[in-house]
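Student: I should like to work through the salt bridges and one strand of this model. May we proceed question by question?

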Amino acid sequence: MEGINDHAGTGGRSRILYVGSYGEASEPTLHVCSFDEETGTLALVQQLAGVEHASYLAVRPGGRVLYAVSETSETSGRPGGSAAAFAIDPPTGKLAPLDGRPLTHGAHPCYISTDREGRAALVANYSGGSVALLPIGEDGRLKEAAAVVRHEGELGPNKGRQESPHPHCIVPHPEGGYAYVPDLGTDSIVIYRFDPAGLTLTKHGECAIHAGAGPRHLVFHPRLPVAYVINELDSTVTWLRVDADSGKLEAGPAVSALPDGFAGESYAADIHLSPCGRFLYASNRGHDSIAVFAADQKDGTLAVIGHVPCGGRTPRNFALSPDGRWLLAASQDSGVVTVFAVDAESGNLQPNGSTLRLPKPVCVRFYEETAS
């Protein structure tokens, strides 16, 4: 086949897209797709088995390697989940497994990220109540954990969901120096000093989020000293002031990700900003929608634009294309990835009619071949 980043046929430039899904190790849980940026159509390129419950993915900056966590309680009889690495073939996007499957030293890892140079991977263990730092070798392989930190603290009021600490993601600051961990169980964002060269992860502080929020995922604004956290349990988005020098966060106002008057059961999941920083998107599982917000370009405060049906049931994760023209939503319980066109002026979403059927899709990641 032609190179996946070349113009092919009557379409335009295609990009590599990876989708992780829930499933047993014997089932395909990693899916390689091509996405035509001109027509907004998806095509399946490759499927791989071998990673049980591949619930979250990360691409190494410039490293041509994909990482996936296996969201399990044990690995080969040992307690804790694991992480896997795959070499990327740039012309096709196809994956080849790399040796090694280090433990994450906590049950049900649900998030993986890397520093901006691709020297270390960071993992959040949801049920294990911990975070881990996995060194990355020159060849992209993951090594055994260099640091594991267990969370402690006062638990939130939701006895059914906040019975223990639950780190739900771990995001390095874009300028380096710190990493941030929304903890659903403790209604807080735990702040770490993060040194990927020295392979250290040291607790630095906390930022309290309102009681019963259940903070889940966090995203930084591309230009403003602002971040946003999506709160799973009460379906809100909290505005955060960020001090890049000290690493500190200050929680500001929270806005609902659900429409006024909605009285059903719904749990927020994912959050992303448009590359231009003007629009923020959040997914609602239950209401089964993508909430669209306008972000003020002076202070980053949010105003609701509207809510768009996600095209299926339970939109756990979604992704914006690197050019910001498309949003792809993965609906876990419908087994479908739905493509939306993004209006550059209003931020609104419009389904373009393109979908791809995949079993229990829960994570969508575009591949960008950037310099490390």
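The exchange below concerns a predicted model, and it turns from salt bridges to strand pairing.

Student: How many salt bridges does a search of the whole structure find?

Tutor: The criterion is a side-chain nitrogen of Lys or Arg within 4 Å of a carboxyl oxygen of Asp or Glu. Applied to the whole structure, the search yields a total of 15.

Student: How many residues apart in sequence are the parts that Arg316 and Glu71 tie together?

Tutor: The side chains of Arg316 and Glu71 form a salt bridge with an N to O distance of 3.6 Å. Arg316 belongs to strand β26 (residues 315-320), whereas Glu71 sits in the loop between β5 (65-70) and β6 (74-75), so the pair links parts separated in sequence by 245 residues.

Student: Are Arg316 and Glu71 buried or exposed?

Tutor: The cut-off for a buried residue is under 20% relative accessible area, and for an exposed one over 50%. By that criterion, both Arg316 and Glu71 are buried.

Student: What is the relative accessible area of Arg325, the salt-bridge partner of Asp323?

Tutor: Asp323 and Arg325 form a salt bridge in which the closest N and O atoms are 3.9 Å apart. Asp323 is partly exposed at 35%. Arg325 is likewise partly exposed, and its relative accessible area is 36%.

Student: Which residues are joined into one network by salt bridges that share partners?

Tutor: One pair to consider is Glu117 and Arg116, whose closest N and O atoms are 3.5 Å apart. Glu117 is partly exposed at 32% relative accessibility, and Arg116 is partly exposed at 49%. Through shared partners, the network comprises Asp115, Arg116, Glu117 and Arg119.

Student: How many residues of β5 are buried?

Tutor: In a regular strand, side chains alternate between the two faces of the sheet. In β5, Val65, Tyr67 and Val69 point one way, while Leu66, Ala68 and Ser70 point the other way, and all are buried. The strand is therefore largely enclosed by the rest of the structure, the buried count being six of six.

Student: Which residue in β8 stands opposite Leu66?

Tutor: β5 pairs with β4 (residues 54-59) in the antiparallel sense over five bridges, and Val59 stands opposite Leu66 on that side of the pairing. β5 also pairs with β8 (residues 82-88), again antiparallel, over six bridges. In β8, the residue opposite Leu66 is Phe86.

Student: Which residue in the turn of the β4 and β5 hairpin has a positive phi?

Tutor: The two strands of this hairpin have five residues between them. The residue in the turn with a positive phi, about 70°, is Gly62.

Methods
Residues numbered from 1 in each chain as written. Predicted model: local features only at pLDDT ≥ 70, side-chain atom pairs only at ≥ 80, totals over all residues. Heavy atoms only, no water. Helix = DSSP H or I, 4+ residues; strand = E, 2+ residues; numbered from the N terminus. Buried < 20%, exposed > 50% of the residue type's maximum accessible area, 1.4 Å probe, protein only. Pairing = 2+ DSSP bridges.
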